[in-house]
Amino acid sequence: MGVRTGSSPAGDPEAAGARTGRGRLSRRGRTRGRGRLSRTVRAYVFGAAGLLLAGCASMPDHGEIRPLEASQGVDSQVRVFSVPPADKASAAEIVDGFLEAMTSDDPQLETARQYLTEEAAKSWKPGAAVTVLSAGLDRRSVQGEKDPSGPRWKVTGKKLATVDERSAYQPETGGGAYEEYLQLVQENKQWRIATPPSSLVLSDSDFQRIYMPVNKYYFAGGTLVSDQVYVRQRSDPESRMDPTTQTVQSLLAGPSKWLGPVVASSFPTGTELRPGTKSLSYDGQNTLRVPLNDKADNVAQPQCQKMATQLLYTVKELTASRLERVELLRSDGKSSSLCVVTEAAAAVIANRIQGPEYQYYVDGESRLVRMKLDVTSEDQQNRPERVPMPVPAGFKAASAAVSHDERRAAVVSEDGHGLYVVPLSAAEPMPQPAVTSKGNKPNGLSSPSFDVSGDVWVADQDPQHAGLWRVPAGVGAAPEKVQVAGLDGGRIISLKVSADGVRIALLVERGSRKNLYIGRIERPDGKGDTSAVSVRELRPAAPQMAEVTAMSWAPKGRLLVVGRESRGVRQARYMLADGSMAAGSLPGATGLIGVAASEDETKARPVVAHLEDDGIVWLPPGAQWRTVAADGRAPVYPG
């Protein structure tokens with residue numbers, strides 16, 4: 001049994017008073033001849049309106065399967081407090097009460113532990129991981145052949161993802177089944193669970209209510225890179241740390257396993273928060289002070305500045321107030337300073353890409369053009385201009401990419417046979433193609449993409465010679481074929497490298513389906529490793545969508561994805577790059593063919609798209625799509 005409390009979301013028509021909570025247990029009335037009411041009941045309390053218990057349901061302690069439903073909707077303002085097991089509760093009530101108690105905000109999950117045997121309660125460590133299910137749980141009593149001495153319950157569901165000990169989200173591929181057996185025994189004449197799950201088990205809606213995504217930051221080749229993880233929206237039941245402190249603790253623990261091979265932390269191994277730290281404080285000058293243990297006491301100033309930069313970028317996304325400085329404190333408890341970094345100094349250390357000056361697309365005459373669309377300007381007149389490039393008269397482009405410094409372009413010829421890397425200047429002669437394909441349109445070269453190092457990436461879609469190619473930065477560099485692990489016979493038809501240079505989004509076609517994956521770009525480390533650049537550990541980036549047709553990177557490590565869910569219409573949605581959930585959608589996107597978003601986090605940039613019937617369009621904030629060029633196609637931002 002659980003009780004939910006919280007304040008009503010703005011605009012809720014029921015905010016004036018209490019409302020009845022829908023319990024998770026299936027409402028099937030009373031069991032045959034038993035008439036027992038379930039103890040698993042939730043009530044919602046808004047402000048001081050009062051407490052209302054309702055929605056009771058009968059549960060059997062044996063026999064048929066009964067589903068445990070997920071919470072209805074996601075309400076992060078709701079708090080859940082569980083109710084201890086009743087005296088002489090049946091085995092079914094103990095199982096249901098425990099599964100419900102796992103979703104609570106109780107400190108140390110104390111109530112959930114009351115459903116366990118004394119030994120199991122002491123050894124249970126649910127904070128190590130989270131299992132996320134797409135819906136609720138089914139549970140049923142089973143007769144054990146080897147352990148007939150006590151009831152055994154089978155708990156099943158559809159596994160959506162896991163959150164590991166580094167708080168990183170990993171989508172389940174192939175719709176894996178979740179299955180767990182709970183063994184109950186009599187302890188002091190009360191049924192208790194002797195074998196609890198090794199992790200927390202939550203429905204997707206409960207997971208979204210309890211946890212929130214945050215970005216922590218590490219360095220890759222001198223550039224700051226985001227690493228997305230999940231922390232509790234409120235104080236963690238086990239550590240009692242607030243969300244900011246949880247995030248800092250996760251940052252100090254190191255990067256996620258997936259990103260770990262290509263990034264590095266500036267914090268010395270073993271660095272933790274000073275013992276006893278449960279919250280971090282700000283002063284009146286918007287300075288965050290972070291006390292560390294003795295592992296960091298003797299770091300040099302340049303390293304300390306990088307440590308503080310990682311902390312500033314990690315924390316500033318969590319706070320509504322403006323974070324201007326981070327100060328690291330020594331372990332002596334006297335608040336002596338290790339170093340201080342300001343927001344301006346951190347921006348230099350972070351070495352992140354500058355925001356783009358132009359947006360680009362291919363016009364009706366198959367030429368690359370550019371324009372400026374400033375969402376902060378009252379003058380919203382679009383004035384496309386031809387990009388100066390050393391191309392011969394009559395040359396036609398199918399698609400293009402522009403380097404982050406906007407000094408070079410990579411252009412694919414209209415027939416898809418050649419990729420040309422050219423300066424954005426008409427003063428030099430047209431070079432020979434850097435990459436060629438024998439495939440006939442549309443199975444020639446894909447749209448290209450630049451990474452932060454200036455390398456150009458492109459996929460050959462020719463079924464006979466399919467592969468991913470990289471053209472290293474520099475004039476006349478020979479192209480290299482990139483090994484991509486995990487394609488499993490799939491063919492890359494579209495790609496986009498992230499601005500941080502460590503991730504690549506790949507649209508992969510297998511049969512008639514197109515699915516989106518994120519791969520990790522691994523480069524030689526310069527320490528005797530002469531292996532080529534490769535792409536490793538593909539993971540699904542939009543598992544909720546049955547098909548993806550276009551994508552672009554967006555700010556804060558998100559993706560803007562065009563696709564459709566099963567039996568749904570085409571739509572454009574922002575997705576978290578770990579595939580965990582959608583983070584907003586665009587209006588009127590059913591006709592989108594291509595889309596481009598800027599990764600610039602310092603200034604709002606409009607989304608530019610190719611709309612089926614309207615050509616190149618853009619989306620001003622709070623408005624509808626506006627046409628730029630009715631005959632344009634292939635929109636891109638630098639990258």
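**Exercise 1.** Which residues does S403 touch, not counting residues up to four places away in sequence?

*Solution.* Start with the basis of the values. The model is predicted, so local features need pLDDT of at least 70 and side-chain atom pairs count only at pLDDT 80 or more, while totals for chains, interfaces and linings use all residues. Residues are numbered from 1 along each chain as its sequence is written, and side-chain values use heavy atoms, with hydrogens and water left out.

Step 1: locate the residue. S403 is in the loop between β22 (397-402) and β23 (408-413); helices (H or I, at least four residues) and strands (E, at least two) are DSSP runs, numbered from the N terminus.

Step 2: apply the contact rule (heavy atoms within 4.5 Å). With residues up to four places away in sequence left out, S403 touches R408, F450, P638 and G639.

Step 3: check the accessibility. S403 has a relative accessible area of 4% and is therefore buried (under 20% relative accessible area; exposed is over 50%, partly exposed in between; 1.4 Å probe, protein chains only).

**Exercise 2.** Describe the aromatic pairs that involve Y230.

*Solution.* Step 1: state the rule. Rings of Phe, Tyr and Trp (its six-membered ring) pair if their centres lie within 6.5 Å; planes under 30 degrees apart count as stacked, over 60 as edge-to-face and the rest as tilted. This rule gives eight aromatic pairs.

Step 2: take Y169 and Y230. Their centres are 5.7 Å apart with 40° between the planes, a tilted pair. Y169 belongs to strand β9 (residues 169-171) and Y230 to strand β14 (residues 223-232), 61 residues apart. Y169 is buried at 2% relative accessibility, and Y230 is buried at 3%.

Step 3: take F207 and Y230. The centres are 4.9 Å apart and the planes stand at 45°, so this pair is tilted. F207 is in helix α4 (residues 204-210), 23 residues from Y230. At 2% relative accessibility, F207 is buried.

Step 4: collect the rings. Y169, F207, Y211 and Y230 form one aromatic cluster.

**Exercise 3.** Which strands stand at the edges of the open sheet β38-β39-β40-β41?

*Solution.* Step 1: read the order. The four strands run β38-β39-β40-β41 with antiparallel pairing, where two strands pair if DSSP finds at least two bridges between them.

Step 2: find the edges. β38 (592-596) and β41 (626-629) each have a single partner strand, so one side of each lacks a neighbour in the sheet.

Step 3: examine one pairing. β40 (residues 615-619) and β41 are joined by three bridges in the antiparallel sense. W618 stands opposite R626 in β41.
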